Amino acid sequence: MKKQVEKGGIAGMWGGFAGKHPKAAKWIREGGLFVIVSNLVTVLKYFILQFLPNAFQSLASVDFGWPGIPLTLFGETFKWNIFGYDVAHGGLGYFCAYMIAMLIGEVINFPIQRNFVFRSKGNLAYQIAWYAVAFVVINCIVNSVNCIWVAVAGLLVPDFIYNIGTVVLNGGISMVIFFFVNKIIFPEAPQEKRCAAEQG
């Protein structure tokens, strides 16, 4: 056994671990790949969010958000919204750019997570529906925090800095929630079916 591990190196060690602890190995593999893919998508979201608001400058003067509760933090008064932003912090224009960045990210993320990370062959319509529900819920949670972040951080740093915080916040909350959502909605195909699909 020792000679096989030495000969196989890391692959041999991983094979030995996976053989002894298949459930733990599956969680580690899926978790590791999930984090890598999610972080790459987060970088893409950042670049979209950094430049796309310029395309919606005409909408920046439109106050858009709900419930629009006035808050004052660190001398900055803004409206707290579950979705949307007040005019002082980008308005409808920033919200449109934000949602487009998040949607593009998840359109890329979904098939990679489903097919490569979780190796799922489940019902596609069911999975898309639940992924969409999770996306809406997560973005309401993130937006309710992000509208505070944008207002306060905007006092201290330029937009290219607070946009990093925006996508890291979104990515961090999304990763934690989406990982467990994906574990539920992306059941892994049985090994024999997976092998047949890979060969065919």
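**Briefing: core, fold and selected residues**

The largest nonpolar core has 35 residues, and those with the most contacts inside it are Phe 34, Leu 49, Tyr 85, Tyr 98 and Phe 178. Helix H2 (22-51), helix H3 (91-117), helix H4 (124-156) and helix H5 (159-185) each contribute at least two residues to this core. H3 gives the largest share, 10 residues. The model is predicted. The chain contains six helices and two strands, in the sequence order α-α-β-β-α-α-α-α.

**Overall dimensions and surface**

- The radius of gyration of the chain is 21 Å, whereas a compact globule of 200 residues would have one near 16 Å.
- The C-alpha trace spans about 65 × 35 × 25 Å along the principal axes of the chain.
- Of the 200 residues in the chain, 38% are buried.
- The chain has an accessible surface of about 11300 Å², and carbon and sulfur atoms account for 72% of that surface.
- Among contacts in the chain with a separation of 6 or more, 71% are between residues 24 or more positions apart.
- The chain carries 15 positive and 10 negative charges, and the mean positions of the two sets lie 17 Å apart.

**Helix H5: Phe 178, Asn 182 and Val 176**

- Phe 178 is one of the core residues with the most contacts inside the core.
- Not counting residues up to four places away in sequence, Phe 178 touches Phe 34, Glu 106, Tyr 131, Ala 134, Phe 135 and Ile 138.
- Asn 182 lies in helix H5.
- The relative accessible area of Asn 182 is 0%, so this residue counts as buried.
- With neighbours within four places in sequence left aside, the contacts of Asn 182 are Phe 34, Gln 113, Phe 118 and Tyr 131.
- Phe 34 is thus in the contact list of Phe 178 and also in that of Asn 182; Tyr 131 likewise appears for Phe 178 and for Asn 182.
- Val 176 is also placed in helix H5.
- Val 176 counts as exposed because its relative accessibility is 54%, and the cut-off for exposed is over 50%.
- The C-alpha atoms of Val 176 and Trp 27 are 14 Å apart in space, with the two positions 149 residues apart in sequence numbering.

**Strands E1 and E2 and the loop between them**

- The peptide bond joining Trp 66 and Pro 67 is cis, with omega about 10°.
- Pro 67 belongs to strand E1 (residues 64-73).
- Phe 74 is in the loop between E1 and strand E2 (76-85).
- The phi of Phe 74 is positive, about 55°, although this residue is not a glycine.
- Phe 74 has a relative accessible area of 71% and therefore counts as exposed.

**Loop between H3 and H4**

- Arg 119 sits in the loop between H3 and H4.
- Arg 119, a residue other than glycine, has a positive phi near 50°.
- The relative accessible area of Arg 119 is 28%, so Arg 119 is partly exposed; that class lies between the buried cut-off of under 20% and the exposed cut-off of over 50%.

**Loop between H2 and E1**

- Leu 59 is placed in the loop between H2 and E1.
- Leu 59 is partly exposed, because its relative accessibility is 27%.
- Leaving out neighbours within four places in sequence, Leu 59 is in contact with Gly 91, Leu 92, Gly 93 and Cys 96.
- Leu 59 and Asn 182 are 123 residues apart in sequence, and their C-alpha atoms are 35 Å apart in space.

**Helix H4: Leu 156**

- Leu 156 is found in helix H4, which spans residues 124-156.
- Leu 156 is classed as exposed because its relative accessible area is 71%.
- A C-alpha distance of 24 Å separates Leu 156 from Ala 101, and the two are 55 residues apart along the chain.

Key. Residues numbered from 1 in each chain as written. Predicted model: local features only at pLDDT ≥ 70, side-chain atom pairs only at ≥ 80, totals over all residues. Heavy atoms only, no water. Helix = DSSP H or I, 4+ residues; strand = E, 2+ residues; numbered from the N terminus. Rg over C-alpha atoms; globule rule 2.2 N^0.38 Å. Buried < 20%, exposed > 50% of the residue type's maximum accessible area, 1.4 Å probe, protein only. Contact = heavy atoms within 4.5 Å. Areas by Shrake-Rupley, 256 points an atom, 1.4 Å probe, with all protein chains shown as cover. Lys, Arg positive; Asp, Glu negative; His and termini not counted. Charge placed at Lys NZ, Arg CZ, Asp CG, Glu CD. Core = buried A, V, L, I, M, F, W, Y, C linked by side-chain atoms within 4.5 Å.
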